[in-house]
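Thanks for coming, everyone. Let me put the model up, and then we'll walk through it piece by piece.

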Amino acid sequence: MPQDLLVTDDLAQLLAILPSAIRTSLENHPQRSQLVEVVLDLGRRPEARFPGQAEYLSEEPVSQSDLQHCIEGVGLFGGDNRAGIEKTLHRISAMRNRSGEIIGLTCRVGRAVMGTIGLIRDLVETGKSILMLGRPGVGKTTALREIARVLADDLQKRVVIIDTSNEIAGDGDIPHPAIGRARRMQVARPEQQHQVMIEAVENHMPEVIVIDEIGTELEALAARTIAERGVQLVGTAHGNRLENLIKNPTLSDLIGGIQSVTLGDDEARRRGSQKSVLERKAPPTFDIAVEMLERQRWIVHEDVSDIVDYLLRGRQPTLQVRATDSQGKVTITHELPTPGTPSAATRSGSGWRASGQMRPPLQAVPSATQPLISSQAPLTLPEHRQFQELLDYPGGAPNALPVLDANYGEEPLLGENGEDIVKVYPYGISRHQLDHVVRTLSLPIYLTKDLENADAILALRSHIKNHTKLRQFAKRHQIPIYAVKANSIPQITRSLQHLLDLDDSSTAVNLELFAQSGNDDEIEALEEARLAVEQIVIPKGQPVELLPRSARIRKMQHELAEHYRLKSLSFGEEPNRRLRIYPA
């Protein structure tokens, strides 16, 4: 813990309510100052919990008289089964049986930590509303208490705390000194919290309202009402990250609410998205969101509206991470997001190997006349071929296995990752499309013109029927023939998959495979088709109409639909002719 933090825990008053045997064990415990909570369950051994560990306090199980001893030392239990110890921040939570009798207690230590909001003090002073998120026990309530004190004492603002379970300002009628000059309104029953929130604004003229645990739709609506009246809000909500609130229909209003809208053709094309998209409904209730990952490491979103818009469009924003070291020094860093969305994975995938579908490499034994050639040992090419490579790839050849004719250099025995090379004799197949598939997917394929040394024949189905000699030659030399239904990218890809025994059932689609030049317009159109297929056509069984595109790009979208084994048709008049994809 940073050295400049001042901690007040009133631990002696919590220990005083415990049975003597348990109290003595804790009073002499070396980690007493780190105690998080004491758990007392009827018929089980009492347990003390510390950060990262727990240990039993006695060999004797907890009796009903032990529980009753604790209950008599605390206040009344409310509708949320919580009680406290007067003038302290400790929280006692009860477990009851079906008859309503208490059979278990969780005695949680409440600590006032001065200086805990040094990470975001500059944001607190801006006057903007702040939402704190994080898992239970990470310190949300402690931070909320300190924010209330700083606003009331240091910034001289009128602060009212809505303290539903008396956790912020402690039990009893007199609030704990940890909240400073801030005032506290208690709530009789948890379901009335939203009413007390509105009452605080109407009756007590606050500049700041502090709320712990916004958990219902009524409370979210009350928070919006307060924010619209110009009152600064500081609160916590159930959820670890901002994404949790977006997916939570009850609390999504805190960050603006989510709605489905239909875009016009021009706007959808400009965004590069489908026509039906999710958008933020209204300005967010809270301007700033803080994700408390750990006690001294927080992620800060200074503009919630921008962050939510980014997330709804499938993008990952840069994260502002604030941390405190052991000396109390605050460091602010900006971390780039890790690519993890389907679209990012699709665009950045590098073929079959990236998807984990390639089989483990087999061991190959080099001979004296045939040297091993792999990606670590570049192929030796004639000078004119090297010159052609420089013309085709001024910045260097792409990181893929070269596709060679039998006339050039020596054939490779191993692929770039050590796979066995398969020598394929193509017949009647578009060489341009075949090269494109092999290069894009980095397949361990060597295209040969030497039929006798080929491992397999890849031929157009219509050509095989009319070529008796080819079939007889293949049968005589035991060379398998793989038929390609049509000269299209999906059909060629499927045949090569079958040839290499690759399973495409879980392989991410590589959009580069269907693009001709690979420019942004092509990738954008293919991404639109991919999302339509994977998010609507296949899971929901509904046809989808894409945006108008040129004939060249529509052809690419047709091939992508064919890859998914779906039917697609073009309709409409130019320039509004577009594709419609149908479920299988």
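Lysine 485 sits in the loop between strand E23 (481–484) and helix H16 (489–500). Helices here are DSSP runs of H or I with at least four residues, strands are runs of E with at least two, and both are numbered from the N terminus. Is lysine 485 buried or exposed? It counts as exposed, at 55% relative accessibility. The cut-offs: buried is under 20% relative accessible area, exposed is over 50%, and partly exposed is in between, with a 1.4 Å probe and protein chains only.

A word on provenance. This is a predicted model, where local features need pLDDT of at least 70, side-chain atom pairs count only at pLDDT 80 or more, and totals for chains, interfaces and linings use all residues. Residues are numbered from 1 along each chain as its sequence is written, and side-chain values use heavy atoms, with hydrogens and water left out.

Back to lysine 485. Together with Arg461, Lys465 and Arg565, Lys485 forms a positive surface patch. Patch members have over 30% relative accessible area and no salt bridge; like charges are joined within 9 Å, nonpolar side chains (Val, Leu, Ile, Met, Phe, Trp, Tyr) within 5 Å. Lys and Arg count as positive, Asp and Glu as negative, while His and the chain ends are not counted. The charge is placed at NZ of Lys, CZ of Arg, CG of Asp or CD of Glu.

Stay with helix H16. Glutamine 497 is found there. Glutamine 497 is buried, with a relative accessible area of 4%. How far apart in space are glutamine 497 and leucine 443? C-alpha to C-alpha, 9.3 Å, with their positions 54 residues apart in sequence.

Now the nonpolar side. Leu42, Met95 and Ile103 make a nonpolar surface patch of about 250 Å². Areas come from the Shrake-Rupley method with a 1.4 Å probe, and for residues only the protein chains shown count as cover. Isoleucine 103 belongs to strand E7 (residues 102–108). Its relative accessible area is 31%, so isoleucine 103 is partly exposed.

Zoom out. The protein has 18 helices and 26 strands. Of its 584 residues, 47% are buried. The exposed area is about 29,300 Å², and carbon and sulfur atoms supply 48% of it. Next, contacts, meaning heavy atoms within 4.5 Å. Take the contacts with a separation of 6 or more: residues 24 or more positions apart account for 62% of them.

One local example. Threonine 142 is in helix H5 (residues 140–154). At a relative accessible area of 18%, threonine 142 is buried. Which residues does threonine 142 contact, leaving aside neighbours within four places in sequence? Arg111, Val113 and Thr116.

On to salt bridges. The criterion is a side-chain nitrogen of Lys or Arg within 4 Å of a carboxyl oxygen of Asp or Glu. The structure holds 28 of them.

Start with aspartate 122 and arginine 322, whose side chains meet at 2.8 Å, N to O. That pair links distant parts of the chain: aspartate 122 is in helix H4 (residues 121–124), arginine 322 is in strand E18 (residues 319–324), and they are 200 residues apart. Aspartate 122 is partly exposed at 40% relative accessibility. Arginine 322 is buried at 3%.

Next pair: aspartate 309 and arginine 280, with the closest N and O atoms 3.0 Å apart. Here helix H10 (residues 304–312) supplies the aspartate and strand E15 (residues 276–280) the arginine, 29 residues apart. Aspartate 309 is partly exposed, at 25%. Arginine 280 is partly exposed too, at 23%.

Third pair: arginine 552 and glutamate 522, closest N and O atoms 2.3 Å apart. Arginine 552 lies in helix H18 (residues 551–563) and glutamate 522 in helix H17 (residues 520–540), so the pair ties together parts 30 residues apart in sequence. Arginine 552 is partly exposed at 37% relative accessibility. Glutamate 522 is buried, at 0%.

Isoleucine 553 is also in helix H18. It is buried, with a relative accessible area of 7%. Isoleucine 553 touches Asp521, Glu522 and Ala525, not counting residues up to four places away in sequence. From isoleucine 553 to glutamate 522 is 6.4 Å, C-alpha to C-alpha, and 31 residues in sequence.

Last item: Arg82, Arg91, Glu167 and Glu213 are linked in a network of salt bridges.
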